[in-house]
Structure formats: C-alpha cells, structure tokens
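Open the structure in your viewer and keep the selection tool handy. We will walk through it stop by stop, and at each stop you will hear what to pick and what to look for.

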Amino acid sequence: MTKRLKHPTPGIDWETRAYWEGCGRHELILQRCRSCRALQQRPRALCVSCLSDDIEHFPASGRGTLYSFTVTHQNQAPGFREATPYVLAYVELEEGVRLLTNIVGCATDEVRIGMPVMVDYADLDENIAVPRFRPL
Amino acid sequence: MSLSGRTAIAGAYEHPTRWAPDKTPWQIMAESARGALDDCGLRLDDVDGLFSAGMDMGVMGIVTLAEYLNLKPRYMDGTNIGGSSFVAHVSHAAAAIHAGLCKVALILYGSTAASNAMAIGTGGRIGREPMAAFVAPYGLTTVGAYALVAQRHMQQYGTTSEQLAEIAVTTRRHAGLNPDAKMQLPITVEDVLASRMISEPLHLLDCCITSDGGGALIVTRLEHARDLAKKPVVLLGAGEAVWHQELGAPDLLTIAARQSGDQAFLMAGITRDDIDLCMLYDSFTITVLVTLENLGFCKPGEGGAFVQNGRIGLGGELPLNLDGGGLSSNHPGMRGIFLVIEATRQLRGECGPRQVEGARLTLVHGTGGLLGTLHTGATLVLAGDA
C-alpha cells in the first residue's frame, strides 16, 4: 500500500481557481471552447486553439486508464521524502486528455499501464482538493 | 542564403575540474574563456558576441557575465532552454555572425552544482510557471519525469532494463579513456541492475552524475576560422524544437529531437548514414535511447536492440558520447556545451585513445528540461574542414 502522500497546496490563481474549487466539490473540471469546441485539460483564461474567450467548464467522468507511471523511491522534498515509495503517473481520461497525477489505493507492484482507474480526491481544506486516481 | 557551411567552431575548451568548492561559477566561465581563446589564438577583446545560460545566473545573467568579464559585446544572447541551451547558442551565434551582427562569438557555461550539493535529479520541483501548480502536488522529480518515458517505452515496445543498462556500460567504458572523466571504473550490466532504484525503472546507474565544471566555445565565420590556430569545425545544419503537454495529449515517446533533427539534416543536406559519431545528451539512459529513435537512427521501438552488440561503442557502427557523457564524465547541471566540445575535438582528431578514426561528420543533440513533462531539443550537424 502506498504511504500517505502529503500534497503541497498548489499555487492557485485567477485562471485556475475554478479547477481547484471543482476538485474541492469532487468534480474534475475540463474546459471546452464554445467557439471551436477544442478541449483544454489545464485551465486557461482563453482558448489557445482559436483565442476565443468563450469557454465553458464541465466535469469529466473521472474514469480513465493508466498511460504511464513510475514508482518513486527517492525524492528529497519534505512531504514526499517520507511518502516513498509512491506512484507518479499519467492517466488518460475517457474524454481523451492525459494528466499527471498519483496512483493510490493499491500496492506499488500492482500498478500496470492500461489498468482502469477512477479519480479519488485528497481534501486539503473545505474548498480545495488534489485529484489522484485509484484502481477501478 | 543558407546558414550551412558559413560559420565554424574555431575554439573549444572543457574545464578539467569536476569538483571546485574553491571556485565560483563566474570564475569557471572566465577560466574556460581563457582556454578557448588560447585554443584558437584570439584575445578577449576580439569577442563581440556573448552567449550563456545557467541555473543560478540571475534574471539578467548574460549582462552580469558581461560585467564580470568587463566585456561590451554588440550582441548578447541569454537564451535558456535548459541543458540544450549551448547547442542552440551555436546556431544562434552562427545566425548572428552570418547576419553581420557580431564577428567572434564566445559561448560560456560554468557551474558548481556538485559542491553546492544541488539536488538536481531528486530534489522535487516547485516553480511559479503556469504548469507548476499541476505538477507540484504530485512529487515529480527530474528522474521521475524521464522514468515515465522509460516505463511507457518498455510497455509499448518490450524494451528491457538490460538494454538501457548497455548505454551506461558503454558510456563508462568511454569514460575510462578520458583522464578528466569523474567515473572511470568499468561497470557491467549486472552492476547497473543491482544499483538502487531511484524511480522505476531507472536505477542509480541509469542516471547521470552530478559534478562541477564548465566550458567555452568560439564561433566565427569559416574564412576567419581558417586563419586561426586550429582546424575549423564547420556548422552544416541546425534545428531547435520544444515538446510540451499540448492541451492534455502528451505523447511520451515522440520527443523534440524528431523535429530538430529533421531540420538539421535538411539544412546539412546529408543522411543519417553519413554520420560517423553522435554526441547525445545523456541525462539518463532512456534519454539516449529515445533520442536515437527520434533522430531517425532507428525506428521507434527499435532503440533497445540498436544499442546492443557494441554498435554505440568506440569501434562500433555509430559510436556515441566518447568523452564518457553525463553518465560518467561530468554533469554540472546543464551539459549541452560539452557535447559540442567533444564533437569539435573528435572532428579535429585530438582525442587520443578515444578518437573515432577518420571522424568527418558528427551529430550533436541536446535535450533541455524534462523529457516526459516539458523539454527542448537542439541539434547540430558538424563537419571537419576538408
């Protein structure tokens, strides 16, 4: 079993607040441009595909598959040093986008590329949470 | 009018230090400048173009460097695209010289990363750029970013740890032929696999070392270089590229080298088969493997088999990283300049026991940043002067 990860609070600004507050409500928020329909995984104030600022936010399903991972045995940063070994991963969501995350809720040697996963939130306070994934 | 064949590397110097607690990075750069100027017979006041990048030079580092050296160059370029910066500086210098903006370009790097105990590979990363907030919560390390690429490569193509280890073993053998290399004792594939796991599937010996060090290059017009002390090394081709996570669809196995390599070969007007040796950024064994694939020396997925059976060693079909690379010679935080310095020495035939016989065409590829999350590539095709 992975040890308890103590996630540092991400730097949150005007462009990304909706994403992190969405996580606080346990919703994984993606952006879609109403003008050109392009998807954006990491939120921006405008669509960088067509530069429109007519953007909508919508919750993703939270389901995906593991695209790649690494079991981290050494990280000297406080908070992670104590949590090794932990799993850093890219998850591909059903919506088609890939995001960097951690895999929790299983032994590190049970993690496999291609395995189905589901989002799992670590609440940092009443408004903000960090999305991780666990085996489905 | 093409940039190909117009400019040359006239001077090159690698600082021999690997551990310099008694020196500042600025001092290492100044000593390296002296070495490269002596190498080609120029003086500091001949320099009118200054190029540098560093990890701790400050926001106006190139200006600070000009002040330290009491230089007033008419062209300055502090482009920092990670460890590949100095490879890119060569083509930037060539373009500036070709355009008449300067005549003698000095490219510098110096660092005391090791004696400052900088935890480059496993220190965790927290930055202020927009992507940082989406990385910082998850404990990404430099090794971890490259390990994500390695794991995907293994799963998709069946690449093995033994194949990756072959790169470390070959590079260490080359280091044994370089008296300045930090790590010289031979290692075996078994040694690599038995070394402790840092970030799966990358072991300690899959990772580059940390050292102090620095170096310098002098770039001029080819005609000018022909009047100087050493045989010029001609720039035939160059390319640059960036790889990032796009809007959420990163392909971990298609790296920046694909684009920068194609561009460099196109400009040079030569093919992969013409290349006698490669100097490839080897932050980790996996970096070399996917760089070879993306530069087109083998097909995607064939890198594991390609590096086996002596092909990439001295005497093999495509020898690479003859100085011992970042894996065994030196890696003071950023390594791009050393790729160009060794390529220059090889093309001049100065490398003694590690010399690739008859080397005429060399490919240099620098990777900057983190393969797997955000990185750059800079490629050069260099030729010995006929």
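The tour below goes from one strand to its neighbours, then to a pair of helices, a core and the contact between two chains. Keep in mind that this is a predicted model.

**Stop 1: a strand in chain B.** Select residues 374–384 of chain B, which form strand β11. Is this strand mostly buried or exposed? Nine of its eleven residues are buried, so β11(B) is largely enclosed by the rest of the structure.

**Stop 2: the neighbours of that strand.** Now add strand β8 of chain B, residues 233–243. β8(B) and β11(B) run antiparallel and are paired over ten bridges. To see one of these partnerships, pick V233(B) and look for G384(B), its bridge partner in β11(B).

Next, add strand β10 of chain B, residues 361–370. β10(B) also pairs with β11(B) in the antiparallel sense, over ten bridges. Here you can pick V364(B) and find L380(B) of β11(B) opposite. Follow the chain round the hairpin of β10(B) and β11(B), where three residues lie between the strands. Pause at G372(B), which has a positive phi near 100°.

**Stop 3: two crossing helices.** Clear the selection and show helix α3 (residues 85–98) and helix α12 (residues 336–348), both of chain B. Their axes come within 5 Å and cross at roughly 60°. That makes α3(B) oblique to α12(B). Which residues make the contact? From α3(B), select S85(B), F86(B), V87(B) and V90(B); from α12(B), select G336(B), I337(B), L339(B) and V340(B). Colour them by class and you will find six nonpolar, two polar and no charged residues.

**Stop 4: into the core.** Keep V340(B) selected. Leaving aside residues up to four places away in sequence, V340(B) touches I9(B), F86(B), V87(B), V90(B), L217(B), V364(B) and L380(B). You have already picked V364(B) and L380(B), the pair that stand opposite each other across β10(B) and β11(B). The largest nonpolar core has 152 residues, and V340(B) is among those with the most contacts inside it, together with I107(B) and L217(B). The largest share of this core, eight residues, comes from α3(B).

**Stop 5: where the chains meet.** Finally, show both chains. The contact takes 33 residues from chain A and 31 residues from chain B. On the chain A side, select β2 (39–40), β4 (63–72), β5 (86–93) and β6 (98–103), which each supply at least two residues. By class, this side of chain A has 17 nonpolar, 14 polar and two charged residues.

Notes. Residues numbered from 1 in each chain as written. Chains lettered and ligands numbered in written order. Predicted model: local features only at pLDDT ≥ 70, side-chain atom pairs only at ≥ 80, totals over all residues. Axes fitted to C-alpha atoms, helices over the stretch in contact; angles between N-to-C directions. Helix = DSSP H or I, 4+ residues; strand = E, 2+ residues; numbered from the N terminus. Parallel < 35°, antiparallel > 145°, perpendicular 65-115°, else oblique. Contact = placed C-beta atoms within 7 Å. Nonpolar A, V, L, I, M, F, W, Y, C, P; charged D, E, K, R; others polar. Buried ≥ 20, exposed ≤ 12 C-beta atoms within 10 Å, placed from the backbone. Pairing = 2+ DSSP bridges. Core = buried A, V, L, I, M, F, W, Y, C linked by C-beta atoms within 7 Å.
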